Structure formats: structure tokens, C-alpha cells
Amino acid sequence: MLSFINDYCEGATPEILKRLEETNLIKTVGYGDDEYCASAAEKIKKACECPEAEVYFLTGGTQTNMLTIDCMTRPYEGVVATVEGHVNTHEAGAIEYSGHKVLTVPSHDGKMWAEDLKQYIVNYFADSSAEHIVEPGIVYISHPTELGTLYTKAELQALRGVCTEYNIPLYLDGARLGYGLMAEGTDVTLKDIAELTDVFYIGGTKVGALFGEALVFTKKNMPHRFNTRVKQHGAMVAKGRLLGLQFDTLFTDDLYLKIGKHAIDAAARLKEGFKEKGYEFFIDSPTNQIFVILSNEKKKELEEKVVFGSWANLDGDRTAVRFCTSWGTSMEDVEKLIEIL
């Protein structure tokens with residue numbers, strides 16, 4: 001069976017596994033206060049061209065989203081996201097579980113538009129019963145989005161403008177950031193993201209690491225006693241070195257970008273194959289997630305040879321499905337899938 005089910009079904013890049021083995025018996029202090037975490041943080045700050053950034057390593061995306069939103073909002077505040085935002089659709093109510101409501105605005109191919117955000121905020125403060133309503137306290141976007149689409153620099157600047165006007169922090173989920181940065185035609189860089197957001201994270205779990213995300217506070221704005229809050233959430237890793245070492249490796253010799261580019265190249269070839277065979281696309285994603293429309297009959301036939309994800313039931317007879325490439329996808333497997341198609 002070929003597998004294109006997701007971008008975290010493999011283990012880790014050979015470079016990471018090699019360094020884990022090489023450093024296995026070296027003794028370090030715990031909880032992220034080791035030299036590997038310090039080195040990784042410096043490399044990330046340099047890559048972001050943001051020397052004032054504060055970097056904290058966590059283990060997974062949902063954990064990172066919940067912690068960031070919880071620690072950067074007051075008890076009566078919620079998080080504004082699109083209806084298709086990951087925190088609203090695929091995190092099992094983790095944000096609400098921490099006591100903060102997800103407040104939704106329309107989704108435009110997965111993206112949030114600045115005018116929708118502003119209208120939502122204006123409506124809230126114009127409501128005479130605002131004290132009885134959850135206040136927007138932070139804005140959540142992801143890049144790439146849930147549909148694999150990307151913000152332009154102008155779109156990020158527009159969102160930044162609204163957030164600045166109303167003094168609301170802008171948070172960017174970068175679970176697949178490595179793929180977004182290397183997508184053809186994008187005009188958004190890591191430096192742009194650091195400049196335009198208040199906090200974002202660099203995804204490792206889906207981009208070459210065994211596990212781990214690097215949370216970056218860009219404006220000297222890490223919440224007071226964040227370390228303690230991490231501990232309270234059960235998110236502190238005693239062997240923090242395992243996180244630091246992985247990101248130290250990913251940010252050595254541009255490895256993070258190189259493996260991101262490989263996934264993009266594999267996705268581009270696969271998209272070309274789908275087009276050659278006459279398949280219809282659910283959305284035109286420029287990143288490593290490919291959304292295709294299949295008849296249910298064709299879907300069942302293809303599932304006998306390939307593992308992929310169902311996305312949305314369209315009309316009873318057709319289904320939108322997702323194929324993912326990753327840093328570990330071989331071009332040989334891509335060609336085999338095209339042949340099967």
C-alpha cells in the first residue's frame with residue numbers, strides 16, 4: 001500500500017536521528033535549560049531576523065495552540081478564527097476546554113479576511129450587551145491554512161493593521177510552515193511572519209521532527225511566568241533537550257527549508273499527474289496538501305492500493321479527499337501513484 005495519508009506518518013529526518021544517537025549519552029540539565037535548546041533558539045532568532053524574540057519548545061500543535069491562547073487571553077476573552085480554522089474544527093474543543101470560546105468569522109479558501117475581522121470586532125464593541133458576550137482577545141490564523149492555502153504579505157499586513165488598531169495580538173499557527181515558506185509564488189518569508197505577528201510557531205512534528213513545535217514570541221511579550229503555566233498544563237518536558245536538539249538540527253544548513261522544498265516538489269509532480277489524468281480539484285492548494293474530488297466508486301477502488309484521507313462528502317456520490325506529501329515522500333512513490341491513477 002502506498003501512503004499519502006498525512007505529513008507526519010514517518011519518523012524523523014536521518015540528520016535528526018543521527019544527532020540523537022551521537023548525543024544520547026551526553027548529560028544535560030532538564031526542562032529545556034540545556035545547550036541544545038539555547039543553540040536552537042539562537043538559530044531560530046537569526047533565521048527570523050528577530051533578535052528580541054523569545055523561543056519556547058513544546059511537543060505538539062494542539063498543546064501549543066491551547067497554551068498560547070490560554071496564556072495570552074483574559075478569562076472572559078475568546079479567540080477569533082475562521083469557521084475552518086484548526087482550533088475550531090480539529091482540536092476536540094481543546095480551546096473551550098481551557099475556558100476560552102472560539103469566535104468564528106467566514107473562511108475564504110481557508111483564510112481570514114481583514115474586513116471580516118474588523119467587522120466582527122466593531123460589532124462586538126457596538127453591542128450594548130457586550131459585557132454579556134465573550135470578548136475577542138486574540139486572533140488565530142494558520143499558514144498554510146487548513147486547506148493548504150497561503151496568505152500573501154499584503155493580507156497579513158491587513159490583519160496586522162486591524163489587530164494593532166484594536167490592540168489584539170495576532171497568533172499564527174505554523175504547523176506546516178516549512179511547506180508554506182517553500183511554496184512556489186509565495187511572497188511571505190520567516191522574517192515577515194516575525195514582524196507581522198505577536199506570536200507564532202514553527203512546526204516540527206509535520207516537517208521532519210519526531211515531534212515538537214518552536215513557539216516564538218516576537219515582541220518581548222512572553223506571558224509572565226510562562227514556564228509555570230506550561231507546567232500547570234502538563235506540557236513541560238523533563239528531557240527538553242530532545243526538542244532543542246531536533247530544532248537545532250532543522251535550523252542547521254537550511255535543513256528545514258530544504259526538506260520543505262522536497263515536499264513541495266513532490267506535491268507539484270503529483271498535482272501534475274492528477275491534471276494529466278483529468279481529475280477535478282476541490283481547491284487549488286499551492287502547498288503539500290492536494291485536495292481532489294473522487295466519485296465514491298473511484299474512491300473505493302483507489303483505497304485498495306493507496307492510503308489517503310477523506311475530507312468532505314460533497315453530494316452523496318462524490319467525496320473530496322486529501323493526499324499529503326512530506327519531507328519523507330519519495331518521488332518513486334509519487335510516480336507509482338500516478339501510474340495507479
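The buried residues of helix α11 pack against quite a list of neighbours: α1 (14-22), α2, β2, β7 (199-203), β8 (213-217) and α12. Keep in mind that this is a predicted model. Helix α11 covers residues 241-250, and 9 of its 10 residues are buried. From there we can look at the cores, an open sheet and the largest pocket.

**Helix α11**

- Which residues of α11 are buried? They are Arg241, Leu243, Gly244, Leu245, Gln246, Phe247, Asp248, Thr249 and Leu250.
- Put simply, α11 is mostly covered.
- One of those buried residues, Phe247, is also touched by Ile202.

**The nonpolar cores**

- Nonpolar side chains tend to be buried together in soluble globular proteins.
- The largest nonpolar core here has 57 residues, and Ile44, Phe200 and Ile202 touch the most other members.
- Which helix gives this core its largest share? That's helix α2 (residues 35-48), with 6 residues.
- Apart from the largest core lies another one of 24 residues, including Leu58, Ile95, Ala175 and Ala235.
- Leaving out residues up to four places away in sequence, Ile202 touches Ile44, Gly174, Leu177, Glu213, Ala214, Val216, Phe247, Phe251 and Tyr256.

**The open sheet and its helix**

- Four strands make up an open sheet in the order β9-β10-β13-β12, and their pairing is antiparallel.
- At the edges you'll find β9 (280-283) and β12 (309-313), each of which pairs on one side only.
- Going from one strand to the next, the twist averages 40°.
- How many bridges join β10 to β13? There are 7 between β10 (residues 289-295) and β13 (residues 318-324), and the two strands run antiparallel.
- To spot this pairing in the structure, look for Ser295, which stands opposite Arg318 in β13.
- Helix α12 (residues 255-276) lies across β9, β10 and β13, and runs at about 20° to β10.
- Helix α12 is also among the elements that the buried residues of α11 pack against.

**The largest pocket**

- Rolling a probe the size of a water molecule over the atoms shows where empty space is left.
- The largest pocket holds about 350 Å³ of space.
- It is lined by 19 residues, and the closest to its centre are Tyr31, Gly32, Asp33, Val55 and Tyr56.
- Both α2 and β2 (54-58) supply at least two residues each to this lining.
- The elements α2 and β2 should look familiar: the buried residues of α11 pack against them.

Note on methods: Residues numbered from 1 in each chain as written. Predicted model: local features only at pLDDT ≥ 70, side-chain atom pairs only at ≥ 80, totals over all residues. Heavy atoms only, no water. Core = buried A, V, L, I, M, F, W, Y, C linked by side-chain atoms within 4.5 Å. Buried < 20%, exposed > 50% of the residue type's maximum accessible area, 1.4 Å probe, protein only. Contact = heavy atoms within 4.5 Å. Pairing = 2+ DSSP bridges. Axes fitted to C-alpha atoms, helices over the stretch in contact; angles between N-to-C directions. 1 Å grid on protein atoms, 1.4 Å probe; cavity = no way out; pocket = protein on both sides within 12 Å on 5 of 7 lines; lining within 4 Å. Points joined across faces, edges and corners; volume = space filled by probe spheres on them.
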